[in-house]
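Biologist: I keep tripping over the labels people put on residues. Can we go through a few and check each against its rule?

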Amino acid sequence: MKKNKIKGLALGLSLLAMYGCTPSGNKEETESETKTETEEVKDIELFVGTYTKRDSKGIYRFTFNPETAETSLVSVTEGIEDPSFLALSPDQKYLYSVSELKTGSVFAYSIGDSSLTEIDNALSGGVHPCHVAVDKTGKWVIAANYSSGSLAVLPVLENGGVGEAVQVIQHEGHGPDKGRQAGPHVHSVNIAPNNKDVFVCDLGIDKIMAYRLDEATGQLTEGNSVDVKPGSGPRHFAFHPNGEYAYLIQEMGNLVTAYKYSDGKLEEIQEVNTLPEGFEERSACADIHISNDGKFLYGSNRFHDSIVIFAIDPETGELNLVSHHSVMGQVPRNFALTPDNKYLLVANQESDDIIVFSRDADTGKITPTGQKIAVSMPVCLIFRK
């Protein structure tokens, strides 16, 4: 009997060791899970470019919570008029802004913990600069001058500032709309993932002007430029994440044109309307973006005041209409997807607000979150990771 009791006790202790105690590996996993669940979500930063014609004071800086979609104002950078479009340096340490005035300028700022510090500014090489881009080396800033129909390449200095333009290119020509296209109107500068091909949308002459960037000198050489439908007014441009397709949104024609992109060349594959069937009132496209997974394309319709969503065919790059969504405001300009693509924020210029939408990754559709940011005449939204 005594021997059997000892055996039973040994067996019980063995079973307790196997099933009654948490193995060290599982304990670590449990602790890791608990840590993940309780870990504080890190806010991301949102910079807002504006027109200062009404109540805006300049460039607005917010924190954005990627879990709750709540924002908090950090600071406002004054001393710049009409900072309508912004761009970040590749290392995210510097912010560049146009000043969309008759005497156009590009301002350079260093990004501090809570404020922007102006480094310097330089002339944009034309009138009313409306767009700016930074190449992937961080050495060159390229500005698009709308009213004068020109673009300029500015060097980035060692301190992050901008120097005098090393090249100014003046476009020539006109389009069929005498009121809007009496001359060239450069609307955006778009640098390809290879950092060599640069596509410049010119609303006034109905062209995508193609250039080749010399990273060493900043010089642009014209390449395979593309004509678009007369009177359509090319405005903004987006590259597909797979590098095989590119998409143009056309302000006056309310169109998106899909292209096959390869080695500096664009080959048209499709053109679609951004408005609902049967809508014939005034409208004008503004901005265009593609989701990180390459499945959906988004465009903004001003005056119709909507975001249009297309599904992108992964085999052909062609677009299929998904839906239209009210922006819950007036005259949507730029809009932006958060880095994780969970949210889409729309800058409504004339209703003085930014509306936050949640995004369904499977359907591409957006839904209002109830969050709204009050900013006078918001034009450009850019996230800093």
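Biologist: Why is Cys285 called buried?

Modeller: Buried means under 20% relative accessible area, exposed means over 50%, and partly exposed is in between (1.4 Å probe, protein chains only). Cys285 has a relative accessible area of 0%, so it counts as buried. Cys130 comes out at 7%, so buried fits there too. Keep in mind that this is a predicted model: local features need pLDDT of at least 70, side-chain atom pairs count only at pLDDT 80 or more, and totals for chains, interfaces and linings use all residues. Residues are numbered from 1 along each chain as its sequence is written, and side-chain values use heavy atoms, with hydrogens and water left out.

Biologist: How many disulfides does a search of the whole structure find?

Modeller: Zero. To count, a pair of cysteine sulfur atoms has to be within 2.5 Å.

Biologist: What makes Phe237 and Phe239 an edge-to-face pair?

Modeller: Rings of Phe, Tyr and Trp (its six-membered ring) pair if their centres lie within 6.5 Å; planes under 30 degrees apart are stacked, over 60 edge-to-face, the rest tilted. By that rule there are nine aromatic pairs. Phe237 and Phe239 are 5.2 Å apart centre to centre, with 75 degrees between the planes, so they're edge-to-face. Both belong to a cluster linked by ring pairs, along with Phe199 and Tyr261.

Biologist: Why is Phe239 called buried?

Modeller: Its relative accessible area is 18%, so the buried label applies. Phe237, at 7%, is buried as well.
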